[in-house]
Amino acid sequence: MTALADTAPGETRARPSFYFRYMVEPYLYLSPAIILIALVMMVPLVIGISYAFQSVNLLRPFQTGWVGFENFQSLWSDRKFWLALTNTFWWTLGSITLQFFLGLGLALLLNTQFHGKRLVQALVFLPWAVPTFLSALTWAWLFNPTIGPLPHWLAALGILSEPFNILGDPDLAMWGPITANVWFGIPFFAITLLAALQSIPGELYEAAEIDGATTWQCFTKITLPFLAPMIAITVMLRTIWIANFADLIFVMTGGGPANSTQILSTYIFTTAFRKLDFGYASAIAVALLGLLLLYAAVLLMLRRKMVKI
Amino acid sequence: MRAYRSSSSVVVAGKYIALGFYVAFALFPLYWLLKIAVTPDKLIFTDGTSLVPSGFTFENFSTVLVQTDFLAYFRNSLVVSLGTAAITTCIAAAAGYAFSRFDFRGKRLVIAVMLITQMFPLLMIIAPIYKIVAYVGLLNSLTSLIIVYTAFNIPFATFLMQSFFDGIPKDLEEAGMIDGCTRFTALRKIILPLTLPGLAATLGFIFTAAWSELLFALMLINSNDTMTFPVGLLTFVSKFSVDWGQMMAAGVLALVPSCLFFIFIQRYLVQGLTSGAVKG
Amino acid sequence: MARIELQTISKAYGSVEVMRDINLTIEDGEFIVLVGPSGCGKSTLLRMIAGLEPITGGEFRIDGKRMNEVPPRDRDMAMVFQSYALYPHMDVARNMGFSLEIRKSATEERVSKVEAAAKTLGLTDLTKRLPKALSGGQRQRVAMGRAIVRDPSAFLFDEPLSNLDAALRVEMRLEIARLHQRLAATMIYVTHDQVEALTLADRIVVLNAGDIQQVGTPLELYERPANKFVAQFIGSPTMNILSVEQSGRGVQLKDGTVLQLTNGSDKSSARELGVRPEHLNVVTPEKAHLSGVAELVEHLGSDTNIHAKVPGVGQVLVRQHGHFPLKAGEPVDIALDLEKAHLFDADGRRLAA
């Protein structure tokens, strides 16, 4: 009780403590995160956008300054940009489709009972833990006929006329990074969809079974509707992520041969990294950002129309 | 359970074949990496596509470890990844706790900003970051990488930690506060001990992410002394593109830490995403 | 000990006001039960008293000192949560002694206090166990023990028995009553169960939709409910409510029956008549006020509940003591104990006797 008397504050001292507890305290916990994100991500983002309207080339340090839309004008007439845009589309579409369906299949399998489930789960999720540069190198090696088995197998199956490196063939090269990306990305979909599957109450299936539903009906009438929100959000986030994902292609093909695997994000990176032309790189990045925002907006609009809940 | 028992043996066989396919697809590239790494140099080409090496050696590993700078790269990567993981986890735990337990003005805005950082191309800020880091004189330093990686990983780690905190009943820290704790003491003595699995999962996740980052490291580091493992390996590959055994041995070495961490955390990942699994 | 005063307390979430103008004084050593349907604000009020929820307006005082902004740890109150909120990573003894540990009291003192509390609650053999190895009843005891060990100036209970089965609930209810007798500490107890309220309370506070409906002893609430809400909430089975209008010195039911109420209240504003099922009797036709058909008869052994349908009046529940040999479908004649009937006006307020 004496402690109580000591700390019982008067009216004037009490007010700040009240505001402290309910208004300021959360920001104490948040401030390190907010400060770092602001300084390392938001400020550079604004600078990055401003670069798109400037001439910033470290190789030509004396030609700096605002140039308006000049970078975008050269972008418009840049054949490589349009090629990279087309490639980005196929790269993203191919990767996301295969990742999603294979990931969904895996999640459904892992949601059943079988012996050694924990081990299997750990093994199939393993590719996700493999550093991306290493996935890229490993797959590049696997596609190399000198050292890897894949060209030989593909030739034996009659898919290739002879065992050559598809990464060197402009028509086929994109399949290399896509394969690596699918390998690397299946676990992401499997994990998120498995989590969503496990949160579906088991009673629903029992009720459906009592009502005489077949396995297929259970899947289409219960599982899919329950997964739909998770599918929508993961597919959207993943599409954006894959479109931005330059590591695999950069390591496996460097955008070649003949720019046949150059996507926008690798184009940004090589422009910044090799040519040190930050202005032009930022212009490509702004274009990519605009396209992704457009995509997200369209998808969210579709979702609002489709999901009636 | 009944449904499984009554399903036909064809379905069961199909299920195991499908699982087998997934396991093989997941493991085969890594197996091949390991296989070439332990095959003696002179047998690499004669072995061709055979699945089992006809000879066995650790020579490639010892060459890589002794005659190249890989130990230094390894050490640099370890410093960067552990530093990033530790700092990110602390900051994200605090932020996730705030999201989980407080309702405050500006919460939606902060969450929105964090979500946006997950959406825009990170490559967009590679040029400004380079210029800023160069301006403050931190090019070629591991500190710059730790700071940059920490910021990149905070949003995801925060949402992960929030879901772990959400799984712990609010009653517990309220009981603590009535028992005489300040909010911070309650957090430290009651909530954090219960969040240990969550902290471990976040730590491991961020470690893996930092371990594999390539492009920013490539941009910000070009001196051999401070190269991280990915940068070092890539330089090594372009320099010695003929010595397959050594390259793959280096690859296997790069794989070890992140795989160890992953095996450790993967159990918690599904739990963390489902949330509510850590209820006391 | 503690005298707790609530003066024009209000609570709002943003612009939504969920509680307004709460005035209540709790005397030192009093056992107060806050009761009401779910969502009435009783738990919010308790949490405001505990300091877990900010008070939006008004003043909250303990022993005359303003406490609105004092954090929970400095209010010297112990609380038993509905979920028990036992710390899962600490054993029973550490759970119970945690508040002393935080206040850095001497180890010997802590050990002896924990042992004493464990003995009182019959937990002596369980002190080394973790909460997850305890049954529901044992967890409840540990939660109580944690409160006792602190020797606080007031105990707060937030529906502490609602997770227990019926038999255990009765046992723990007695335990809490004994505890109050022994410690003579101020206790504030939240429940939605009127039996707990009636058996434990010195005074009951009935809340509905954020407003205090009535404060009084259990008997006052039962005999002189302030309004229709309290009348229906207190007492089981629920009070019968019949529509009436004034007729001379008495009131008239919808079927035309005139009841000569002896109490002298003004009946001009009377709209409804309330009679508890135990104040209705099955009688011979000539003494009856109402005649109907028994639709459902529940034989509970100690009592018989007769749900009767009275043409023109509606559904009426009669409670007869002991076994009453009546079958569903049989005619039934009912007399009202007019001495114990209540009249309510259009706003549901009880017309004073």
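Start by selecting C:Glu298 in this predicted model. Leaving aside neighbours within four places in sequence, C:Glu298 is in contact with C:Thr304 and C:Asn305. The residue belongs to strand E16 of chain C. Is C:Glu298 buried or exposed? Neither quite fits: with 13 other C-beta atoms within 10 Å, C:Glu298 counts as partly exposed, because the buried class starts at 20 such atoms and the exposed class stops at 12.

Now add C:Arg319 to the selection. Draw a C-alpha to C-alpha distance from C:Glu298 and you should get 9.5 Å, for a pair that sits 21 residues apart in sequence.

**The five-stranded sheet**

Widen the view to the strands around E16. Chain C has an open sheet here, five strands in the order E15-E19-E16-E17-E18, with antiparallel pairing. Which strands stand at the edges? Colour E15 (280-282) and E18 (314-321) of chain C: each has a single partner strand, so one side of each is left without a neighbour in the sheet. Turn the view so that you look across the strands, and you'll find a twist that averages 45° from one strand to the next.

Next, pick out E16 (residues 290-299) and E19 (residues 331-336) of chain C. These two run antiparallel and are joined by four bridges. To see one opposing pair, show C:Leu290, which stands opposite C:Ile334 in E19(C). While you have side chains on display, keep in mind that in a regular strand they alternate between the two faces of the sheet.

**Strand E11 and its partners**

Move back along chain C to strand E11 (residues 240-247). One partner to select is E14 (residues 272-275) of chain C, which pairs with E11 in the antiparallel sense over four bridges. Show C:Leu242 and you'll see C:Leu273 of E14(C) opposite.

Another partner of E11(C) is strand E12 (residues 250-253) of chain C, again antiparallel and again joined by four bridges. Here the pair to look at is C:Val244 with its bridge partner in E12(C), C:Leu253. Then zoom in on the turn. How many residues lie between the strands of the E11(C) and E12(C) hairpin? There are two, and C:Gly248 takes a positive phi near 60° in this hairpin.

**Chain C as a whole**

Zoom out and hide the side chains. Chain C has eight helices and 20 strands, and its C-alpha atoms fill a box of roughly 75 × 45 × 35 Å along the principal axes. Colour residues 4-226 as domain 1 and 237-344 as domain 2; the C-alpha centres of these two domains of chain C are 39 Å apart.

If you like contact maps, this chain has something for you: of the contacts in chain C with a separation of 6 or more, 66% come from residues 24 or more positions apart. Of the chain's 353 residues, 42% count as buried.

**Into the core**

Which residues have the most contacts inside the largest nonpolar core? Select B:Ile126 and C:Leu156; the core around them has 268 residues. Helix H8 (residues 142-166) of chain B gives the most to this core, with 14 residues.

Centre the view on C:Leu156. Beyond four places in sequence, C:Leu156 touches C:Leu46, C:Ile49, C:Ala50, C:Met77, C:Ala78, C:Met79 and C:Ile188.

**Chain B**

Switch to chain B and colour domain 1 (2-47) and domain 2 (67-274). Their C-alpha centres lie 31 Å apart. Where the two meet, eight residues of domain 1 of chain B are in contact with seven residues of domain 2. On the domain 1 side, helix H2 (residues 9-38) of chain B gives the most, with five residues. By class, that side has six nonpolar, one polar and one charged residues.

**Chain A and its contact with chain B**

Last stop: chain A. Its domain assignment gives domain 1 (2-51) and domain 2 (76-306), with 40 Å between their C-alpha centres.

Now show chains A and B together. How many residues of chain A are in contact with chain B? Select 66 residues in chain A, facing 72 in chain B. Helix H2 (residues 11-51) of chain A gives the most to the chain A side, with 16 residues. Colour the chain A side by class and you'll get 51 nonpolar, 13 polar and two charged residues.

Technical notes. Residues numbered from 1 in each chain as written. Chains lettered and ligands numbered in written order. Predicted model: local features only at pLDDT ≥ 70, side-chain atom pairs only at ≥ 80, totals over all residues. Nonpolar A, V, L, I, M, F, W, Y, C, P; charged D, E, K, R; others polar. Domains from an automatic or database assignment. Core = buried A, V, L, I, M, F, W, Y, C linked by C-beta atoms within 7 Å. Pairing = 2+ DSSP bridges. Axes fitted to C-alpha atoms, helices over the stretch in contact; angles between N-to-C directions.
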